[in-house]
Amino acid sequence: MDGARPGHRYRMVNIRSGYVIVEHEVHSRAMRSYFSPEGVPPIEEYREGPQIWKFTGQAQTVHFDLMDSETGVVTRFDDLMGLVSYTACRQDGDIYRLGELAQEQRIWLYVAVTHRPSDGPPRAEWIEKLRVLNRYFNERLQTPNKKILILPDYFGLHAEFNHGQIMADFELTAMEVEA
Amino acid sequence: MTTKEVAERLELKGLTPVFDKPVTGVYISDMVSDVIANAKAGNVLITLQVHNNVIAAANLVDIAAIVLTRGRTPAPEASALAEKAEISVFSTPMDSWQVATKLYEAGIR
């Protein structure tokens, strides 16, 4: 299913369908998201200590892990909510500027947005996972000189994300133009 | 078969310049996360979806061309993104099943 060929070190495994559930905390208005593999997306509000979490939105999505065929090690991507192309970001922002700079070398910039980002810089473990994700996509490219670079969310996209920016299936009919 | 040959054989309307690339197969989906997980480099993507994110996902997995069915046309910024990514985008009044059938008859598996 993943187009693995001889010479491809990584292959996609544990592909599973489900939903990205976005929720907010009633008092603090904090937002977070998680992946639900259930057939019907959970939308009930619930308590977590003094906090009350309410359903905000959902999107169908597909989650996956990557297996290193040389070592058999599986890298799990449970934390990955989706990817954002730099082209979906504000043109006066850092991501877009970096993306345009990378474009001069035929490098396409994406940002990996996680469900529950930790405070401070991304953990070393997450950087290592993104190294694997970058290898997976780049080893499959056929267009000459093209490169993909997926960066951790150094830009705080999770905190200010617009669902339509993220490559999960949020609100994808919003820009539809009938012929 | 190449993207140019596919366009000629199916009489597709080009919405971007044609970037002639080898076609490795076909994938049909309207979900970007599904495209990321399952489409392969060099595939022709058949879809109804015209959102920018479909182009971004197609670029990530190095799709050769996108065929928008039932006469869909993307917003100008989506077409511009596809052109920048050198992904040919075509439109056709056919539905996805008809396009898939014709591609199968053309020998693409």
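Among the contacts in chain A that link residues at least 6 apart in sequence, 67% join residues at least 24 apart. Keep in mind that this is a predicted model. Chain A has 179 residues, and 48% of them count as buried. Its accessible surface is about 9,500 Å², with 51% of that belonging to carbon and sulfur atoms.

As for secondary structure, chain A holds two helices and eight strands. Reading from the N terminus, the order is β-β-β-β-β-β-α-β-α-β.

Now for the interior. The largest nonpolar core contains 58 residues. The residues with the most contacts inside this core are Phe64(A), Leu133(A), Ile150(A) and Ile66(B). What does Phe64(A) touch, once its neighbours within four places in sequence are set aside? From chain A, its partners are Met12(A), Val13(A), Asn14(A), Ile15(A), Arg16(A), Phe77(A), Leu80(A) and Leu133(A). From chain B, Ile36(B) and Ala37(B) are also in contact with Phe64(A). Another core, of 14 residues, lies apart from the largest one, and its members include Ala7(B), Phe90(B), Leu103(B) and Ile108(B).

Chain B also offers a helix pair to look at. The axes of α3 (residues 52-60) and α4 (residues 76-84) of chain B come within 9 Å and cross at roughly 10°. Angles under 35 degrees count as roughly parallel, so α3(B) and α4(B) are roughly parallel to each other. On the α3(B) side, the contact is made by Asn52(B), Ile55(B) and Ala56(B). On the α4(B) side, Glu77(B), Ala78(B), Leu81(B) and Ala82(B) take part. By type, the residues of this contact divide into five nonpolar, one polar and one charged.

Finally, here are two residues with a positive phi, neither of them a glycine.

| Residue | Phi | Loop | Relative accessibility |
|---|---|---|---|
| Arg29(A) | near 65° | between β1 (10-25) and β2 (31-36) of chain A | 57% |
| Glu11(B) | about 55° | between α1 (3-10) and β1 (13-14) of chain B | 70% |

Are these loop residues buried or exposed? Arg29(A) counts as exposed because its relative accessibility is 57%, where exposed means over 50%. Glu11(B), with 70% relative accessibility, counts as exposed too.

Notes: Residues are numbered from 1 along each chain as its sequence is written. Chains are lettered from A and ligands numbered from 1 in the order in which they are written. This is a predicted model: local features need pLDDT of at least 70, side-chain atom pairs count only at pLDDT 80 or more; totals for chains, interfaces and linings use all residues. Side-chain values use heavy atoms; hydrogens and water are left out. A nonpolar core is a set of buried Ala, Val, Leu, Ile, Met, Phe, Trp, Tyr and Cys residues joined through side-chain atoms within 4.5 Å. Buried means under 20% relative accessible area, exposed over 50%, partly exposed in between (1.4 Å probe, protein chains only). Contact means heavy atoms within 4.5 Å. Helices (H or I, at least four residues) and strands (E, at least two) are DSSP runs, numbered from the N terminus. Accessible areas come from the Shrake-Rupley method with a 1.4 Å probe; for residues, only the protein chains shown count as cover. Axes are lines fitted to C-alpha atoms, for helices over the stretch in contact, and angles run from 0 to 180 degrees between N-to-C directions. Angles under 35 degrees count as roughly parallel, over 145 as roughly antiparallel, 65 to 115 as roughly perpendicular and the rest as oblique. Ala, Val, Leu, Ile, Met, Phe, Trp, Tyr, Cys and Pro count as nonpolar, Asp, Glu, Lys and Arg as charged, and the others, Gly among them, as polar.
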